[in-house]
Amino acid sequence: MIVLIIIIFIGVGLFLLISSLTTEGTEYYNLYTHDLLVSVMRVKTGYKNPCETVSDTLYCAMTRVERQCKYSMDETIKKDCREVADEVTPEVIRKVLTTKPSLDYYMIIQPEDPEHLGGEIITYGNPDVQNRGKTWTANERVLRYQTNLQIQLILTSI
Amino acid sequence: MLRKGQMHLMEYVLLAFFILMVIFLIIFFLMGWNIGTTSSRQHALQQQRATFLLKTFSNSPYLNKEGFKEGGMLEDSKLTVLECSDLEELVGRGIFAEVKIIDSITECEQENYPRCGVWKFCSPGNKQFTAYDTPVNVYRTLTRDVEIGILTVGFYE
Amino acid sequence: MQIFKIIFGVILSAFILTILLRFSLSYEEIGESSREVEILMGLKKTIEDVYTTGISTDFDLGSEDLVNFYSPPNLVTSVTDVNLDPVPTLFVPGERISIHRGEYDLGWWKFYFVHALPEMRIIFVPLGTSETVWKIAENITKYLPSTENTDAKVRFGVGCNETGETQTYLFLNWERDYFIRTVLTYLFVEGYEFVQCKPIEGYRIITISETPVDADFQVVPIDDDMGYVYVRDIQEGSKTYLYKNPLDIVSILLGGSKLYDYENERFLKELSIASSLASRESSLLRIKARNPDCNIIYSRFTQVLGSLKSEIEEGNYRNEDDMKELNKRIRESSGIYQELEEMGC
């Protein structure tokens, strides 16, 4: 009888402990992830067409590998779309995430039709993020004529 | 015989007392749990309020550039002329907000516009506050440039 | 001994049962209230989400009686009142409602508001063939939500035709966009004429005519923008309202004088803030803009916005002359803003 009572005590205690552990902030972090992805895509790179915004640059990097972009402040400086994408995209994300040092990211850019462009994908950040327990994901489509791009951003707590 | 009977009786009374104690303890624990969920509910409501304020500010038709349906494209000219009293009229008192372009330190006034990148509204002073932030874009009206910044919105009691 | 045990056991059991019963009853009451409060908080959050994102959704209140009535900005319920501020909401109680964001677009500013409506059937009765009458039907429809992506539908029809003793009306599963694009256009172009409808249960009837007639809800235009709404209500009696835009008509239709007053106060308050902000922005850009041609247009824009703000502060939304002036300023401001856009300022 006493053993039964002790078991009831422990059971109630465990139940209360488990119910007190709450997952906080999912909605907020989903909003943050979405806003980060959208904001990064819209930023102007400082280069001219076809590298005007980050999303333009990524599209060019995936589809028109030979095109070069002139730097707005000095048109003698020319770079490949991929070079500009590699230079600007992770740098912008890194700067934003300095205000959230507990977060890490992984970004995947690929054509919507995986058979298009030989199935190449571009990635930035830490690939281990995908395997972490609690992650927040945002997806964006960049709509263009030749093919649409699918861009996924994953954030997690370090 | 009598002692045995008395002991038996005592056992019975003790057991009854113990059962009653367990029931009362369960009731107290449940009350405590209710208080606990109320406090975590309050925290959830606070976060809900903060998320709403973030989205309201970031998607506000008073501050956004026309043509960006998803919102989050705040015009620097509109931010420069926005005042604390406008914010209070729109979303209520006890709110503060800040927009800071990455790598900017100069606070915007009408005199130094557009060579600035920080806007502050309704500072909380020394009061205790709750604040949340999210990335936004800032559209430079005069140069048509698009930069990235952090929007921070908070409330204080 | 045994008897003692039995008596003691019975007393103890009765005591324990009484405590447990009392406790569980009060918990059940709290539980039920808690559940209702959770639903109402969920509704408020959903309305806020729709307001900020513009993405429509349905919401199940679980019971038609949960919300007693809407006294804007409060949802009045038996459990607690829920204040929907700062979201301007046109709410009609029902068991299952669809929530949409609407907007009144001036070009340089948009007034966002939220519709939260149950299933609804609306019949327009345009009397006569004048373009003004049919245009009003179209404009009112534009300020009601498109429910194509939600379950609680708002549907539209036109009536009535007299066929001997009975009246008929045209009503199928027409939702907003199809109704405007196809049904109203076809009926107007083909010159269909209708007569007044007698009340039809489950339908809201809007009679539109150039002169007042004997109807429960009637819209009589003065010009393309403004006019009067005459409402005959069993509880509120006969009332006359001035409307300056279709949003006023929709507010009266959905919530009578309370919603009409609330919508006007919110719209005019926000318009005042918006015109003040836009005026300051225009002054700033006039000084800083590189294109000198823009300076003149910015000056005009600042001036018109100043006049607009004065009209709002001094005017009365129930006064025809005041609202005529207000509409004139609004049209002017939108026109000048269009010029700014075209000039690339």
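Two residues are taken to be in contact here if their C-beta atoms, placed from the backbone, lie within 7 Å. With that in hand, a walk through this predicted model can begin.

A good place to start is the meeting of chain C with chain B. Here chain C contributes 21 residues and chain B contributes 28 residues. On the chain C side, at least two residues each come from helix 1 (2-53), strand 7 (110-117) and helix 4 (246-288). Sorted by class, this side of chain C holds 13 nonpolar residues, seven charged residues and one polar residue.

Chain B also touches chain A. In that contact, 27 residues belong to chain B and 25 residues to chain A. Three elements of chain A give two or more residues to the side that touches chain B, namely helix 1 (2-20), helix 2 (26-42) and helix 4 (81-97). Helix 2 of chain A gives the most, with 10 residues. The class make-up of this side of chain A is 14 nonpolar, six polar and five charged residues.

Chain A itself is worth a look beyond its contact with chain B. Four helices and six strands make up its elements, and read from the N terminus their order is α-α-α-β-β-α-β-β-β-β. Chain A has 158 residues, of which 32% count as buried. Among the contacts in chain A with a separation of 6 or more, 55% are between residues 24 or more positions apart.

Returning to chain C, helix 4, already met on the side that touches chain B, also packs against a neighbour within its own chain. The axes of helix 4 of chain C and helix 5 (residues 292-314) of chain C come within 9 Å and cross at roughly 155°. Angles over 145 degrees count as roughly antiparallel, and helix 4 of chain C is therefore roughly antiparallel to helix 5 of chain C. The crossing of these two helices of chain C is left-handed.

The residues that bring the pair together can be followed along both helices. From helix 4 of chain C they include C:Leu268, C:Leu271, C:Ser275, C:Ala278, C:Ser282 and C:Arg286. From helix 5 of chain C, those taking part include C:Asn295, C:Tyr298, C:Phe301, C:Leu305, C:Lys309 and C:Glu313. By class, the contact between helix 4 and helix 5 of chain C has 10 polar, nine nonpolar and three charged residues.

Notes: Residues are numbered from 1 along each chain as its sequence is written. Chains are lettered from A and ligands numbered from 1 in the order in which they are written. This is a predicted model: local features need pLDDT of at least 70, side-chain atom pairs count only at pLDDT 80 or more; totals for chains, interfaces and linings use all residues. Ala, Val, Leu, Ile, Met, Phe, Trp, Tyr, Cys and Pro count as nonpolar, Asp, Glu, Lys and Arg as charged, and the others, Gly among them, as polar. A residue is buried if 20 or more other C-beta atoms lie within 10 Å of its own, exposed if 12 or fewer, and partly exposed in between; C-beta atoms are placed from the backbone. Axes are lines fitted to C-alpha atoms, for helices over the stretch in contact, and angles run from 0 to 180 degrees between N-to-C directions. Angles under 35 degrees count as roughly parallel, over 145 as roughly antiparallel, 65 to 115 as roughly perpendicular and the rest as oblique. A crossing is left-handed if the near helix is turned anticlockwise from the far one by less than a right angle, and right-handed if clockwise.
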